[in-house]
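User: I would like a close look at one part of this model, with the terms explained as you go.

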There are 2 protein chains.
Amino acid sequence: MLTIGELSRQTGVKIPTIRYYEQMGLMDAAERSEGNQRRYTREEQDRLSFIRHARDLGLTIEAIRKLIDLSAHPERPCADADRIASEQLQAVRAKIEKLKRLESELERIATHCHGDQVKDCYVIRALANHELCEHEH
Amino acid sequence: MLTIGELSRQTGVKIPTIRYYEQMGLMDAAERSEGNQRRYTREEQDRLSFIRHARDLGLTIEAIRKLIDLSAHPERPCADADRIASEQLQAVRAKIEKLKRLESELERIATHCHGDQVKDCYVIRALANHELCEHEH
DNA sequence: CTTGTAGCTCTAGTTGCTAGAGGTGTTACG
DNA sequence: CGTAACACCTCTAGCAACTAGAGCTACAAG
Ligand SMILES: [Zn+2]
Ligand SMILES: [Zn+2]
Ligand SMILES: [Zn+2]
Ligand SMILES: [Zn+2]
């Protein structure tokens, strides 16, 4: 049995975050010591690692909750899990596209100022005038 | 003079958001009608467009506040404005890099499942085991 | 048996809005 | 001039996913 501090060190998840995941129903309410402190099993450590990995990949708490529910039913079809993964892939790709458009505008904005007073500053002018932009955003 | 609704339509910024910007000190407290309703000038519309454009480019409220303060002093050097723009560019590039790493992991995860039961699902296995990943994240 | 570290609960703060309740102002039409 | 429809007002609370702090209790080492 691990204390919450040991679990935190093992998984790299901060202590308040572990308690938050319990509150959100991602982690089951842990067993307690005589003195009301949480004690974790190896399986609970695995689950927390799963959660952390999914969070690192950008999945929402809600999506992770669904995946955990699915894992509890190994005989069911996995289409839902597969869909969650591809939706996340789509979402990440959409974000990348949007950020790339921002990158190109910001590169122009951040590299074209040759004035040294605010009244001549290209940054300020570019922000005031979207006409200078190449794309919508 | 524009009402808040007209200003909203002109700039594409929602009414509660305009009031929020006033609360955050990005917009000055607007002049009021007899009956206590906000009335805006053309300059205030320009400022709101500036704010919206900066937000669309991902700048934080805090950064925008600094840019507005700078604009009020046209004789000062613009180095601070230039720095804000390049920091934002750096931040956007860092996000893109991170998301690209996620994209490659997620592509693998989302396209490798050929089972149809949860117990054989590659998505679930991949999330449980970061060893299967190519990069850190 | 004391001391220091680790744990507990509960509340509030972060960012940038957005929604709703409950009330008032403004305007156009008849 | 009255009234209906619509726009606007303030204030509070909610979202996501934590994070920080106050004030308290448990546990392990010496
Ligand atoms: Zn400049
Ligand atoms: Zn633009
Ligand atoms: Zn699958
Ligand atoms: Zn991984």
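How many residues surround DNA strand D, and which of them are the closest? Please also describe what surrounds this strand.

Analyst: This is a predicted model, in which local features need pLDDT of at least 70 and side-chain atom pairs count only at pLDDT 80 or more, while totals for chains, interfaces and linings use all residues. Residues are numbered from 1 along each chain as its sequence is written, chains are lettered from A and ligands numbered from 1 in the order in which they are written, and side-chain values use heavy atoms, with hydrogens and water left out.

DNA strand D is surrounded by 19 residues, and the closest are Arg55(A), Thr3(B), Gly5(B), Arg19(B) and Arg38(B); a residue is near a strand if one of its heavy atoms lies within 4 Å of it. By class, the surface near DNA strand D has five nonpolar, nine polar and five charged residues, where Ala, Val, Leu, Ile, Met, Phe, Trp, Tyr, Cys and Pro count as nonpolar, Asp, Glu, Lys and Arg as charged, and the others, Gly among them, as polar. On the DNA side, 88% of the strand D atoms within 4 Å of the protein belong to sugar or phosphate, and the rest to bases.

At least two residues of this surface come from each of helix H2 (15-23) of chain A, helix H1 (4-11) of chain B and helix H2 (15-23) of chain B, helices being DSSP runs (H or I) of at least four residues, numbered from the N terminus. The largest share, three residues, is supplied by H2(A).

Chain A also makes several polar contacts with phosphate oxygens of DNA strand D (a polar contact is a pair of N or O atoms within 3.5 Å). In the side chain of Tyr21(A), a polar atom lies 2.9 Å from a phosphate oxygen of the strand, while the corresponding value for an N or O atom in the side chain of Thr17(A) is 3.1 Å. For Ile61(A), a polar backbone atom is 3.4 Å from a phosphate oxygen.

Ile61(A) belongs to helix H4 (residues 61-71) of chain A, whose axis comes within 10 Å of that of helix H5 (residues 79-111) of chain A and crosses it at roughly 155°; axes are lines fitted to C-alpha atoms over the stretch in contact, and angles between N-to-C directions run from 0 to 180 degrees. H4(A) and H5(A) are therefore roughly antiparallel, a description used for angles over 145 degrees. Ala63(A), Lys66(A), Leu67(A) and Leu70(A) of H4(A) meet Asp80(A), Ala81(A) and Ile84(A) of H5(A), contact meaning heavy atoms within 4.5 Å. This contact has five nonpolar, no polar and two charged residues.

The surface near DNA strand C can be set beside this one. DNA strand C is likewise surrounded by 19 residues, the closest being Gly5(A), Arg19(A), Arg38(A), Tyr21(B) and Arg55(B), and sugar and phosphate account for 89% of its atoms that come within 4 Å of the protein. Here H2(B) gives the most, with three residues, and the residues divide into five nonpolar, nine polar and five charged. A phosphate oxygen of DNA strand C is 2.9 Å from an N or O atom in the side chain of Tyr21(B), and a polar side-chain atom of Thr3(A) lies 3.0 Å from a phosphate oxygen of this strand.

Key. Parallel < 35°, antiparallel > 145°, perpendicular 65-115°, else oblique. Polar contact = N/O pair within 3.5 Å; in protein donor to acceptor, adjacent residues only side chain to side chain.
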